[in-house]
Amino acid sequence: MKSSQRTARIAGSTALVATLGVLVAPGAVADPEHTVTATPTRIHEIQGTTRISPLVGERVSVSAVVTATRAFGSSRGFWIQDPHPDDDPRTSEGLFVFTGSQTPDVEPGDVVTVDGTVTEYYPDDPATTAAQSTTELVDADWTVTARGAELPKALEIGPDTIPELLTATPGGSIEHEPLRPETYALDFWEAHEGELVSVSDVRLVGPSTAYDELYVTTKPEQNPSARGGTVYLDYDRPNTGLLKIESLIPFSERPFPTANTGDTLAGVTSGPVEYDSYGGYTLMATVLGEVKDNGLEREVTRPQKPGELAVATYNVENLSAVDSEEKFARLAEGIVHNLSTPDVVALEEIQDDNGPEGVGDGVVSADQTLRRFTEAIVAAGGPRYEWRQIDPEDLADGGQPGGNIRVGFLFNPERVQFVDREGGDATTAVRVERERGGARLSVSPGRIEPGDDAWMESRKPLVGEFVFRGRTVFVVANHFASKGGDQPVRGRFQPPARPSEDQRVRQAALVREFVDELLAVDRRANVVVAGDLNDFPFSPTVRELTRGGALRSLVDTLPPSERYSYVYEGNSQVLDHILVSSGPHRVDYDVVHVNAEFADQASDHDPQIVRFIPR
């Protein structure tokens, strides 16, 4: 390697001035063959005017300033930026240099010349992944030609910086579409991939995650929730102000902050932009603001009146008998205190007695799990609930491997009676029967069409017949198929495909058909359909349930700012639902926010409750 170097003028632009006495990065001595074939290139020429570099596969030589380093994990490297941009707003001036598990011996402010091969990195198989790519240099050799250079000024992101529209929707890949950063949010971020950006005094729209992420909004007036989040209201109304933030600061120097929805990330946060398949474009912070606690509190719903029946739904996130006392105690406190002791609780994600510890061991009973839960409720000051559920076939209902999750009921026998009819099991379908002009179940509890392909690798709905003050009430507990396999909102295929939706629509059709059978026998029947439907109020799944008007979705009765029970990637959204027939009257519905907005959670879902007077 030469002991001195002068950086040449590249493509007619002002060159970066190098010093004498070049510093060679340890472990990064150039391959002579690579040195010969590398072509002097500007970063904006590498980035190009689409998402895919026009120089993929070529060996290039780039001179720029180091703006940030990632010195941990298996994807180490550093970002460089050209301090002399071109006049094309479509072309980014930033670029990531991938060094694998090697920690690069460079620092922000170093002026470097990097020889590397241009590539587009995908987090999964490029032939099948829906994620966008990141333009990078790999197999890189670099030399440090100067220290202490001034960094390019970070682009300040304000409420009006990002376009309102998310992306073009060509009906396929957007990778080769010309970037339109003035029109589309995704194009804007792609046009600044690898560059320094900054935000100031932004609102957090989700809790800090287990993966050390923060989600903020750059558009504080965009679909704000009542408690500081950002509400997701329709497929064609994505929240373009959302931005994920991670930290490049070693946690030994500064632990990652803990935050709740509605807190403020005060001061300046800045760093380079990177694409992540989870959450999309991400600010990788080299400067991280301070979290200001805005005092978000967990909600408490009112108690039901003596003549009201209270039915709740609660996804308790893979609860099994091997879970900690703390988890049981916190969930029990939520039932007794925050939900004010409902008469009936439809539970989702109850696991078998040894949870995921025994995969394929034949254990499907959940008696120990439910016994621990009901005892924890008593310890929290609540009544001694009874439970009803049906053990699934081993490994047949999806969810965490070995956990055998299922839905079930808790009920307070001091307030409501459960009508037990024998014969309900994992494979027997419940039927509607006529009795003295009213409807009854053939088995109680019973499963809806458990042999139908719609329930393949998914939880089967459980129907229970209850009696409250002489009135019969039918409750259907649900946990529909997950969204696994759907394409991301910020991915390369637009509009994103939602193949998992097909199964949920078929599941919704079976539940609605069962409700139709009940109402055909008794049009005034009191029916409650509750649970985690894994879909949005505006989805085809929920539209199928409400088709014909036999059921109405209660979340639609809330103001838009209150329509959420779950927070994902900064979006406050609805996955859990309660729907009722026309039988119940004086209906009072509430989503009780105790988990989803908080970093400290007993579950990742908020419970819901409906109070009504049965006919």
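## Burial, contacts and charge in a predicted model

Thr134 is buried, with a relative accessible area of 7%. The residue belongs to strand β7, which spans residues 134-146. Apart from its neighbours within four places in sequence, Thr134 is in contact with Thr119, Glu120, Tyr121, Glu193 and Tyr275. The model described here is a predicted one.

**Overall architecture**

The protein has 615 residues, of which 60% count as buried. Its secondary structure comprises seven helices and 33 strands. Along the principal axes, the C-alpha atoms fill a box of roughly 95 × 50 × 45 Å. Among contacts between residues at least 6 apart in sequence, 71% join residues at least 24 apart. The accessible surface comes to about 24100 Å², and carbon and sulfur atoms account for 48% of this area.

**Two residues in loops**

Thr261 is located in the loop between β12 (242-247) and β13 (264-276). Its relative accessibility is 0%, which is under the 20% limit, and Thr261 therefore counts as buried. With neighbours up to four places away in sequence left aside, the contacts of Thr261 are Leu204, Val205, Gly206, Pro207, Arg227, Gly228, Gly229, Leu296 and Glu597. Between Thr261 and Tyr215, the C-alpha to C-alpha distance is 8.9 Å, with 46 residues separating the two in sequence.

Leu558 also lies in a loop, the one between β28 (552-553) and β29 (566-568). Leu558 has a relative accessibility of 12% and counts as buried because this value is under 20%. Residues up to four places away in sequence not being counted, Leu558 touches Arg563, Tyr589 and Val591. Leu558 and Leu265 are 293 residues apart along the chain, and their C-alpha atoms are separated by 29 Å.

**Salt bridges**

Side chains of opposite charge can pair when their charged atoms come close. In this model, the count of salt bridges comes to 37. One of them joins the side chains of Asp187 and Arg51, with an N to O distance of 2.7 Å. Asp187 lies in helix α3 (residues 185-190), whereas Arg51 is in the loop between α2 (43-47) and β3 (59-70), so this salt bridge ties together parts that are 136 residues apart in sequence. Both Asp187 and Arg51 are buried.

A further salt bridge is formed by Arg436 and Glu435, whose closest N and O atoms are 3.9 Å apart. Here Arg436 counts as exposed, at 79% relative accessibility, while Glu435 is partly exposed, with a relative accessible area of 28%.

Arg611 and Asp588 likewise meet through their side chains in a salt bridge, at 3.1 Å from N to O. This pair links distant parts of the chain, with Arg611 in strand β33 (residues 608-613) and Asp588 in strand β32 (residues 585-591), 23 residues apart. Arg611 counts as buried at 2% relative accessibility, whereas Asp588 is partly exposed, with a relative accessible area of 25%. Elsewhere, Glu213, Lys244, Glu246 and Asp276 are joined into one network by salt bridges that share partners.

The distances of the three pairs described above are listed below.

| Salt bridge | N to O distance |
|---|---|
| Asp187 and Arg51 | 2.7 Å |
| Arg611 and Asp588 | 3.1 Å |
| Arg436 and Glu435 | 3.9 Å |

**Surface charge**

The protein has 56 positive and 96 negative charges, and the mean positions of the two sets are 8 Å apart.

A patch of positive charge on the surface gathers Arg471, Arg523, Arg524 and Arg615. Of these residues, Arg471 is found in strand β25, which covers residues 471-479. Arg471 has a relative accessibility of 44% and counts as partly exposed, because this value falls between the limits of 20% and 50%.

Negative charge is gathered in a surface patch formed by Asp452, Asp453, Glu513 and Glu517. Within this patch, Asp452 lies in the loop between β23 (446-447) and β24 (462-468). At 33% relative accessibility, Asp452 counts as partly exposed.

Notes. Residues are numbered from 1 along each chain as its sequence is written. This is a predicted model: local features need pLDDT of at least 70, side-chain atom pairs count only at pLDDT 80 or more; totals for chains, interfaces and linings use all residues. Side-chain values use heavy atoms; hydrogens and water are left out. A salt bridge is a side-chain nitrogen of Lys or Arg within 4 Å of a carboxyl oxygen of Asp or Glu. Helices (H or I, at least four residues) and strands (E, at least two) are DSSP runs, numbered from the N terminus. Buried means under 20% relative accessible area, exposed over 50%, partly exposed in between (1.4 Å probe, protein chains only). Patches are made of residues with over 30% relative accessible area and no salt bridge: like charges are joined within 9 Å, nonpolar side chains (Val, Leu, Ile, Met, Phe, Trp, Tyr) within 5 Å. Accessible areas come from the Shrake-Rupley method with a 1.4 Å probe; for residues, only the protein chains shown count as cover. Lys and Arg count as positive and Asp and Glu as negative; His and the chain ends are not counted. The place of a charge is taken as NZ of Lys, CZ of Arg, CG of Asp or CD of Glu. Contact means heavy atoms within 4.5 Å.
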